[in-house]
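Colleague: Before planning bench work, I should like to go through the interior of this protein with you. Could we take the pockets, the cores and the cysteines in turn?

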Amino acid sequence: MCGRFALVTPPARLARYFQAVLDDRDEDEPPPSWNVAPTDRVVGVRARRSKETDTVSRVLTPFRWGLIPSWAKDAAVGNRLFNARGETVATKASFRTAFAAHRILVPADGFYEWHKLDGGTRQPYYFTRTDGAPLAFAGLAEWWRDSNAPPDAPGIRSCTIITTAAGHDMEGIHDRMPVILSPDTFDVWLDPDNDEIPELVSLLHAAPDGTLTHHPVSTRVGNVRNNDADLVAPVPERTVQAPSLFDNENPTSSSARPA
């Protein structure tokens, strides 16, 4: 599962790394966040075809995290579709259309996972790429508009992050992890003309051993109201304080559960 991540790298720098351009639509960029949670605004890298030149380029675009299928009657369905399992994403009704036609990359600086310790305490860990580069989660996107809204009401661009069985880099911390794509697979994943489902599914596996590094962090990250750089600072492994009664240690709320 991937229920929290950090993204503080400026969009312009992300665009350079992903060889993309910033979306030219009049939308505010998501603010830097050390505690991105489902329903927050994030950015994604999508492919865009030019009608004039019939060429494809990459565009960095804002999305709402939590995929709303185009057929959904209510946007609230997206609150729980913030993750899609790689094993079923190509066939599950909520995701199969987006998988076939609307694949994106979701950039992140790092992500959090929780490990249950003796006594029931849950220790969060922060994961980043060992080489310091941005993470590129395999994601899907949809565009949804309320059919009961006025004709001039804006639609919502939403996204989800694909997960898979955990690899060695998780070291028993969690049994799931986000699919992290390497730069040499970006074109294959984003290609709007690629309808080779087996080839696409073959990319949905754990990152190679050594891709990620991690360290324990404060349980403060469990509360979405906390959002500062101290959330990613290492803490001693054996001196983690029990969460406050006023903190929400669980990385997801009852309205935001993995698909």
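The questions and answers below concern the pockets, the cavity, the cores, the cysteines and the backbone.

Modeller: This is a predicted model, in which local features need pLDDT of at least 70 and side-chain atom pairs count only at pLDDT 80 or more, while totals for chains, interfaces and linings use all residues. Residues are numbered from 1 along each chain as its sequence is written, and side-chain values use heavy atoms, with hydrogens and water left out.

Colleague: Which element supplies the largest share of the lining of the largest pocket?

Modeller: A pocket is an open set of points, on a 1 Å grid over the protein atoms alone, with protein on both sides within 12 Å along at least five of seven lines; lining residues have an atom within 4 Å of a point. The largest pocket holds about 410 Å³ of space, a volume being the space filled by probe spheres set on points joined across faces, edges and corners. Its lining comprises 19 residues, with Arg46, Ala47, Ala101, His102 and Ala141 closest to the centre. Taking strands as DSSP runs of E with at least two residues and helices as runs of H or I with at least four, numbered from the N terminus, the largest share is four residues, from β4.

Colleague: How many charged residues are in the lining of the largest pocket?

Modeller: Asp, Glu, Lys and Arg count as charged, Ala, Val, Leu, Ile, Met, Phe, Trp, Tyr, Cys and Pro as nonpolar, and the others, Gly among them, as polar. The lining has ten nonpolar residues and one polar residue, and its charged residues number eight.

Colleague: Which residues line the largest cavity?

Modeller: A cavity is a set of grid points where a 1.4 Å probe fits but cannot get out. The search of the whole structure finds one cavity of 30 Å³ or more. By class, its lining has eight nonpolar, no polar and one charged residues. The lining consists of Tyr17, Arg129, Pro134, Leu135, Ala136, Ile180, Leu181, Pro183 and Phe186.

Colleague: Which element gives the largest share of the largest nonpolar core?

Modeller: A nonpolar core is a set of buried Ala, Val, Leu, Ile, Met, Phe, Trp, Tyr and Cys residues joined through side-chain atoms within 4.5 Å; buried means under 20% relative accessible area, exposed over 50%, and partly exposed in between, for a 1.4 Å probe and protein chains only. The largest core has 56 residues, and Phe5, Phe111, Phe137, Leu140, Ile162 and Trp189 have the most contacts inside it. Its largest share, seven residues, comes from β10.

Colleague: Why is cysteine 159 not bonded to cysteine 2?

Modeller: A disulfide is a covalent bond between the sulfur atoms of two cysteines. The cut-off is a pair of cysteine sulfur atoms within 2.5 Å, and the search of the whole structure finds zero disulfides. Cysteine 2 is buried at 0% relative accessibility, as is cysteine 159 at 1%. The bond is absent because the sulfur of cysteine 159 is too far from that of cysteine 2, the closest cysteine sulfur, at 11 Å.

Colleague: Is aspartate 54, with its positive phi, buried or exposed?

Modeller: Most residues other than glycine have a negative phi. Aspartate 54 has a positive phi, near 55 degrees, and lies in the loop between β4 and β5. At 52% relative accessibility, aspartate 54 counts as exposed.
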